[in-house]
Amino acid sequence: MENLLSVPIKNDIYYIGTNDRKTELFEGMWPLPKGVAYNSFLVKGEKNVLFDLVRVNTIDSYVEKINEIIGEGEKIDYIMINHMEPDHTSSIKSILEIYPDAKLVTNKKAVAMLNNFYEITDNIIEVKDGETLELGDKKYTFYMTPMVHWPESMVAYEETTKTLFSQDIFGGFGTLDGGIFDDQIEYDAHYHEETTRYFINIVGKYAAQALKALNKLSGLEIELICPDHGPIWREDPKKIIDIYTSLAKQETVDGCVVIYGSMYGNTEMMAEAVARGLSEGGLKNIKVRDITKTSNSYLLSDIWRYKGVIIGSCSYDNNLFPPMDYLMTEVSHQRMKNNYWGIFGSYSWSGGALKTLKKYMEDGKYDVLDTQLEIQGAATEEEIKKLIEFGKEMAAKILNK
Ligand code: FEO
């Protein structure tokens, strides 16, 4: 049958992924303005093998794609489960109803999850780290990549085609709109930001494990990367490997993000003065973010990438402004290590914001500037000058002057 919905990739490997433009938030918390693709692959041959599945809300078009390749009524012999998160496995029970004889290939940790999530206990082949399975003319070796993104995560390397089925690793947000390969899209313009945000939001806190996984895979000769999200890499797989390696190392750029929380504009005015100081200090890459208008998804992404981070918050009920408190809690989960931090606070009668920010700085053992301004009400002219100087101090630290 002609491939109208599915896309041939190489040597009987087909792309059969789906696009989700309806879901607003990935994992219920990360915005999806450009949607997300659930990639899945079918290797047709002596044995028909599926690689990961799709989220159940897109199953109809998924099954049509499988039928297009193998024909309705034909069987799937194996389903490789590289990762158990439901964005890939929530369709599994429906798929097993259509292909009841399919054997599930996965690892010990995923076996327990199959039972916990879906009460599936039969027809499972358990593989170990480094184990190879020969299926027809294809030879798959499995490598465990714990915590990238879940404890049971693993990848599969197909030797004859030099293909890496990498599950979440090398993935990113954004649907695949027509083009699915790196050479068919404008990656830098349309996907790079979304890959970065995906990594930082989803995998960021496990960056050390991600680096370990990347090192583990570095000995493989890879010609094709088939991740579970984002483009398929066939022209320049090294590009996405380098992008992921840089992110896993939390390599920062010489710039500063100023994130403020303000109820009536006084703290905002302070943030403007700090940004002015950053600029006067010679810094060009400056971003000012209003926490009430920006999802933590983007703020965490900025913090990960900018060498300088300045947090300014008003006080609320003798404490930190609640949206800022939520952000700082998220930051403390991320274990970022390559930033210079600056903090300032404002209050109306008895403080609270700066005290809590200091506590976050101490607990996280962050490299924070000693200058920590706390201002009552609206900043005076003298205080504005101090805020500008504070910005200059941060610029000098970032630029190593
Ligand atoms: Fe795409 Fe961690 O699931």
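In this predicted model, Y15 is a buried residue, because its relative accessible area is 5%, which falls under the limit of 20% that defines the buried class. F41 is likewise assigned to the buried class, its relative accessible area being 0%. These two residues form one of the aromatic pairs of the structure, of which a search of the whole model finds 17. The ring centres of Y15 and F41 are 5.9 Å apart and the ring planes meet at 65 degrees, so the arrangement is described as edge-to-face, the term used when the planes are over 60 degrees apart. The pair links distant parts of the chain, since Y15 belongs to strand β2 (residues 13-15) whereas F41 belongs to strand β7 (residues 41-43), and the two residues are 26 residues apart. Both Y15 and F41 also take part in an aromatic cluster, which they form together with F51, Y140 and F165.

A second edge-to-face pair is formed by F344 and F390, whose ring centres lie 6.4 Å apart and whose planes stand at 80 degrees. Because F344 is located in strand β21 (residues 340-347) and F390 in helix α13 (residues 381-398), this pair ties together parts of the chain that are 46 residues apart in sequence. F344 is buried, with a relative accessible area of 0%, and F390, at 0% relative accessibility, is counted as buried as well.

Aromatic rings of the model are also found beneath charged groups. The charged end of R234 is placed over the ring of F181, at 3.7 Å from the ring centre, and the charged end of K397 is placed over the ring of Y340, at 4.6 Å from the centre of that ring.

The packing of two helices was examined next. In general, a pair of packed helices is described by the angle between the axes and by the distance between them. For helix α7 (residues 207-217) and helix α8 (residues 237-248), the angle is about 145 degrees and the axes are 9 Å apart, and the crossing in which α7 passes α8 is left-handed. On the side of α7 the contact is made by A207, A210, L211 and L214, while α8 contributes Y244, T245 and A248. Of the residues in this contact, 6 are nonpolar and 1 is polar, and no charged residue is found among them. The polar residue is T245, because threonine is not on the list of residue types that count as nonpolar or as charged.

Conventions
Residues numbered from 1 in each chain as written. Predicted model: local features only at pLDDT ≥ 70, side-chain atom pairs only at ≥ 80, totals over all residues. Heavy atoms only, no water. Phe/Tyr/Trp six-rings, centres within 6.5 Å; stacked < 30°, edge-to-face > 60°. Helix = DSSP H or I, 4+ residues; strand = E, 2+ residues; numbered from the N terminus. Buried < 20%, exposed > 50% of the residue type's maximum accessible area, 1.4 Å probe, protein only. Lys NZ or Arg CZ within 6 Å of the ring centre and 35° of its normal. Axes fitted to C-alpha atoms, helices over the stretch in contact; angles between N-to-C directions. Left-handed = near helix turned anticlockwise from the far one by under 90°. Contact = heavy atoms within 4.5 Å.
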